[in-house]
Amino acid sequence: MDLHTITDVRDARLREPWRAGDAWLGGGTYLFSEPQPQLRRLIDLSRLGWEPLTRHADGSLEIAATCTIAQLSRFGRGSLRAPAAPLFEQCCRAFLASFKIWNMATVGGNLCNGLPAGPMISLTAALDGSCLLQAQDGSAREVKVADFVRGAGVKDLAAGELLRSVTLPGRALECRTAFRQASLYGLGRSGALVIGTLDPVDGSLAVTVTAATTRPFRFWFPLPPTAARLRAAVDSAVSGSEWFDDIHGLPEWRRHMGLRLAEEVRRELTHTFERGEL
Ligand SMILES: Cc1cc2nc3c(=O)[nH]c(=O)nc-3n(C[C@H](O)[C@H](O)[C@H](O)COP(=O)(O)OP(=O)(O)OC[C@H]3O[C@@H](n4cnc5c(N)ncnc54)[C@H](O)[C@@H]3O)c2cc1C
């Protein structure tokens, strides 16, 4: 849609001073989807020329904030040689996305939107990702994805701060993964999305609950927990108001599905582990 309050679109390469009413423009799929009366200028990130995906010597993977869903999907299906590779496509497909969104929406825009059903939040939180944030004064800081998103649409992001990239540790990419998603209707927005990762080196298990909750919850266990222990961990960490409530699912249903899918990923991953087939 037309944004009638926008008076200028500036190129981020110009590094002009940040003003009240400015917003970073990623793919624009959220920004142009509803009125933004508080905004005056958009600072376009699309010409920064950042390499979308970089595999570092230590095995970690750096995903630029400007990497699109389409680029990440291609990478997950083609170039990435790692046990966790299938998870990339599963999360890209968890997007309620048209062709335009698929090709324009960015990983950074998805994280900075902070929606509970943000599948790039699910992917990068589950794989223990860290955000690299750059402030207007040039200083940088890192924060775990699971801490970056603090609530529905609430992020750990100061005015003018830019998400530069998300880095996934090489160890996380070596994990075996299990993925479960539930929606109220076919191809609907995720009402619950749970990912399990089993570390092949030490046998630790992480279960990450998203979409059902207002923010990502990552549960890490040094050894796979029992069903009862996992359930108790989720139930004691997620308070009643943190089970998300909107048109895509009631909190009671989301809690039910969150707990059920968490148990399903635990079983899928520990079945093999218990039989010593790793
Ligand atoms: C039909 C439709 C379906 C959708 N389905 C989903 C869905 O299933 N799940 C979901 O999560 N979203 C969904 N969305 C919302 C949106 O498309 C996605 O969240 C998308 O990933 C946003 O990415 P973008 O690059 O287009 O962000 P933009 O629209 O460009 O920006 C989103 C927000 O992030 C900020 N931002 C962008 N990049 C950065 C950066 N690098 N640093 C700091 N701030 C930044 C912007 O200022 C803005 O506030 C949907 C939207 C539509 C229209």
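Buried means under 20% relative accessible area. The model used in these exercises is predicted.

**Exercise 1. Burial of helix H5**

Task: Work out how many residues of H5 are buried, and what that says about the helix's surroundings.

Solution.
Step 1. Apply the cut-off of under 20% along the helix. The residues that pass are Pro119, Met120, Ile121, Ser122, Leu123, Thr124, Ala125 and Ala126.
Step 2. Compare with the length of the helix. Eight of the eight residues of H5 are buried, so the helix is largely enclosed by the rest of the structure.
Step 3. Look just past the helix. Asp128 follows H5 and has a positive phi, near 60 degrees.

**Exercise 2. The packing of H2 and H5**

Task: Decide whether H2 is roughly parallel or antiparallel to H5, then give the handedness of the crossing and the residues that make the contact.

Solution.
Step 1. Take the axes of H2 (residues 85-93) and H5 (residues 119-126). They come within 8 Å and cross at roughly 155 degrees.
Step 2. Angles over 145 degrees count as roughly antiparallel. Therefore H2 is roughly antiparallel to H5.
Step 3. Assign the hand. The crossing of H2 past H5 is right-handed.
Step 4. List the contact residues. H2 supplies Leu87, Phe88, Cys91 and Cys92, while H5 supplies Pro119, Met120 and Leu123. Those three H5 residues are also among the buried ones.

**Exercise 3. A three-stranded sheet**

Task: Find the strand order of the open sheet that contains E1, E2 and E3, and name its edge strands.

Solution.
Step 1. Read the order across the sheet: E1-E3-E2, with parallel pairing.
Step 2. Pick out the strands that pair on one side only. These edge strands are E1 (8-11) and E2 (22-25).
Step 3. Add the twist. From one strand to the next, it averages 30 degrees.
Step 4. Examine one pairing. E2 and E3 (residues 41-44) run parallel and are joined by four bridges. Leu25 has Asp44 in E3 as its bridge partner.

**Exercise 4. The E6-E7 hairpin**

Task: Describe the pairing of E6 with E7 and the turn that links them.

Solution.
Step 1. Get the direction. E6 (residues 130-134) and E7 (residues 140-144) run antiparallel, joined by five bridges.
Step 2. Fix the register with one pair. Val143 in E7 stands opposite Cys131.
Step 3. Inspect the turn. Five residues lie between the two strands of this hairpin. Gly138, in the turn, has a positive phi of about 95 degrees.

**Exercise 5. Two loop residues**

Task: Classify Glu161 and Leu45 as buried or exposed, and describe their surroundings.

Solution.
Step 1. Place Glu161. It sits in the loop between E9 (154-155) and E10 (162-168).
Step 2. Classify Glu161. Its relative accessibility is 7%, so Glu161 counts as buried.
Step 3. Find its polar partners. The side chains of Glu161 and Arg141 are joined by a polar contact of 2.8 Å. A polar atom of the Glu161 side chain also lies 2.8 Å from the backbone nitrogen of Ala158.
Step 4. Add contacts beyond four places in sequence. Glu161 touches Trp24, Leu133, Gln134, Ala135, Arg141 and Asp156.
Step 5. Turn to Leu45, in the loop between E3 and E4 (53-55). Its relative accessibility is 8%, so Leu45 counts as buried.
Step 6. List the contacts of Leu45 on the same basis. Leu45 touches Ala12, Trp24, Leu25, Gly26, Thr66 and Leu162. Trp24 thus appears in both lists.
Step 7. Set a long-range distance. Leu45 and Ala233 are 188 residues apart in sequence and 40 Å apart in space, C-alpha to C-alpha.

Note on methods: Residues numbered from 1 in each chain as written. Predicted model: local features only at pLDDT ≥ 70, side-chain atom pairs only at ≥ 80, totals over all residues. Heavy atoms only, no water. Pairing = 2+ DSSP bridges. Axes fitted to C-alpha atoms, helices over the stretch in contact; angles between N-to-C directions. Buried < 20%, exposed > 50% of the residue type's maximum accessible area, 1.4 Å probe, protein only. Polar contact = N/O pair within 3.5 Å; in protein donor to acceptor, adjacent residues only side chain to side chain. Contact = heavy atoms within 4.5 Å. Parallel < 35°, antiparallel > 145°, perpendicular 65-115°, else oblique. Left-handed = near helix turned anticlockwise from the far one by under 90°.
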